[in-house]
Amino acid sequence: MNNKMKIIPIFVPHVGCKFDCVFCNQKRITGKGTVNVNKQYAIDIVEEYRKTIDENTLTEIAFFGGSFTAIEKELQEELLQVGHFYKKLGIVQKIRMSTRPDAIDEDILKLQKKYNVDIIELGIQSLDDEVLLKANRGHTRQDCFNASKLIKEYGFTLGHQVMPGLPGSTRESDIKTCVDSISMKPHMVRIYPTLIIKDTNLLYMYEDGTYIPLTVQEAVDVTSYIYSLYMVNNINVIRIGLQNTESINEGEDVVGGPFHPAFRQLVEEKIYFTSIYNILKDKNIDDRQIKILANNKEISNICGQNKANIIKLKNIFNIKKVSFEISNDNNIIEIYINSKKLGSFNKHDIYKNYLNN
Ligand code: SF4
C-alpha cells in the first residue's frame with residue numbers, strides 16, 4: 001500500500017445549513033453552484049476519482065463544504081451509505097466529514113458509527129463567545145467543548161478548524177482559542193486565516209469599515225505562533241491557509257484579507273528563520289561564507305519565498321554567501337563556516353525555539 005492518503009472530496013455545499021456566518025459563501029468556497037446532492041452525486045464523484053487512483057493507494061472519502069451532520073437525516077444516510085459501501089469493499093479506508101459543533105449529539109454520532117465514519121472535523125473557528133457572535137456563527141464556545149468531548153467519547157478521530165482574524169478577534173484571543181483547543185486534545189487541526197470572499201456579509205463589513213482584515217504579515221505572525229503551539233503539543237496541523245483552487249484566487253472570489261498562494265510556506269520560513277538566527281546571533285561571520293547542511297525537503301522552507309530568509313540573514317550578519325549541502329538526515333540541520341560547525345538544531349525543535357524567542 002502507498003502510505004500517502006488520497007482524498008476523494010465530496011462537497012456538500014450549504015446543504016442543511018440554516019446559518020449565515022459572516023465569512024461564508026459556501027457555494028463559492030466549494031467551487032459549485034447549484035448542485036443536486038444525492039446518492040448518485042456522491043457515487044459519480046467517487047467513480048470519477050477512482051479512475052485516477054492506483055488501487056494500492058490508501059483512500060479516504062471526505063464530505064466537505066457544509067455542515068454535514070445538520071443535513072436532514074434521510075439525505076445524510078443516503079450519502080453515508082455511499083461511503084460505507086466503498087469502505088466495505090476495501091476501496092476506501094476512511095470516511096471523514098466536517099460539521100458545526102452544535103450539530104453533534106448522541107443520536108447523530110450513533111448514525112455516523114453505524115456507517116463507519118472515522119474522522120469528524122469541527123469548525124470551531126474561535127473559542128471567544130463575542131467573536132462567535134460577531135461572526136454570526138449561531139453557537140457558543142461551550143458547544144465546541146461539548147461536541148469535542150462527545151466525539152472523542154464515541155471513539156472518532158477529532159479535528160478542529162480555527163480561523164484567526166475574525167471580526168472582534170485580537171492576536172491574544174486567537175492564541176487563547178488555540179490554547180483552549182489544545183486542552184480538548186484534537187488529533188488534527190486546520191488553520192484558516194480569515195479571508196473576505198465575494199457575496200458575504202464580511203465583505204459588506206469590510207466595505208463599510210466595520211471589519212479590518214489581517215495583513216498577510218499579521219496573519220503569518222499569529223499563524224506561526226498558533227501552529228508552533230499545536231506542534232509542540234504533538235497535534236498534527238494538516239492544513240494552513242485556504243486551498244488555492246481555480247475558484248479561490250485573489251481578485252476572483254477572494255476580495256480581501258491575507259491571501260497568499262503559498263501561505264504555509266511563509267509560516268514555515270518564519271519559524272525556520274528564528275532557529276537559524278539563534279545560532280548566528282553571537283557569531284562573527286564578517287563577510288565570510290556559511291554552509292547549511294539540510295535535507296532536500298527542508299531547503300525551500302529554510303530559504304523562504306524568493307530567498308527571503310537568505311537575503312535577511314545576509315543583511316543582518318554581513319554574510320558573503322549562503323550555500324547548501326544536501327543531507328540524508330531528515331531531522332538535523334547544521335550550519336558551518338568553512339569546515340567549523342557553528343551549531344545545529346533538530347527539525348522538531350524549531351517550533352519550541354520559535355515560541356521561546
Ligand atoms: S455553518 Fe458552515 S456552511 Fe453554514 S454558513 Fe457557517 S460556515 Fe457556512
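**A first look at this fold**

Trainee: Among contacts in the protein chain between residues at least 6 apart in sequence, what share join residues at least 24 apart?

Mentor: Two residues are in contact if their C-beta atoms, placed from the backbone, lie within 7 Å. Leaving aside pairs under 6 apart in sequence, the share that joins residues at least 24 apart is 78%.

Trainee: How many helices and strands does the chain have?

Mentor: Bear in mind that this is a predicted model, where local features need pLDDT of at least 70, side-chain atom pairs count only at pLDDT 80 or more, and totals for chains, interfaces and linings use all residues. Residues are numbered from 1 along each chain as its sequence is written. With helices (H or I, at least four residues) and strands (E, at least two) taken as DSSP runs numbered from the N terminus, the protein chain has 13 helices and 13 strands.

Trainee: In what order do the four strands of the open sheet lie?

Mentor: Strands pair if DSSP finds at least two bridges between them, and here the pairing is mixed. Strand 11 (321-327) and strand 13 each have a single partner strand, so they stand at the edges, with one side of each left without a neighbour in the sheet. From one strand to the next, the twist averages 20°. The order is 11-10-12-13.

Trainee: Which helix packs on the sheet?

Mentor: Look for a helix touching strand 10, strand 11 and strand 12. Its direction makes about 130° with that of strand 10 (angles run from 0 to 180 degrees between N-to-C directions; axes are lines fitted to C-alpha atoms, for helices over the stretch in contact). Residues 296-303 form this helix, which is helix 11.

Trainee: Which residue in the turn between strand 12 and strand 13 has a positive phi?

Mentor: Strand 12 (residues 332-337) and strand 13 (residues 340-346) are antiparallel, with six bridges. Ile337 has Lys340 in strand 13 as its bridge partner. Two residues lie between the strands of this hairpin, and the one with a phi of about 50° is Asn338.

Trainee: Which residue in strand 12 does Lys291 stand opposite?

Mentor: Strand 10 and strand 12 run antiparallel and are joined by four bridges. Opposite Lys291, in strand 12, stands Tyr336.

Trainee: At roughly what angle do the axes of helix 7 and helix 9 cross?

Mentor: Ile175, Cys178 and Ile182 are among the helix 7 residues that meet helix 9, where the partners include Val222, Ile226 and Leu229. The axes of helix 7 (residues 171-183) and helix 9 (residues 216-232) come within 10 Å. They cross at roughly 15°.

Trainee: What distance separates the C-alpha atoms of Asp286 and His139?

Mentor: Asp286 sits in the loop between helix 10 (263-280) and strand 10 (289-295). Along the chain, Asp286 and His139 are 147 residues apart. Their C-alpha atoms are separated by 57 Å.
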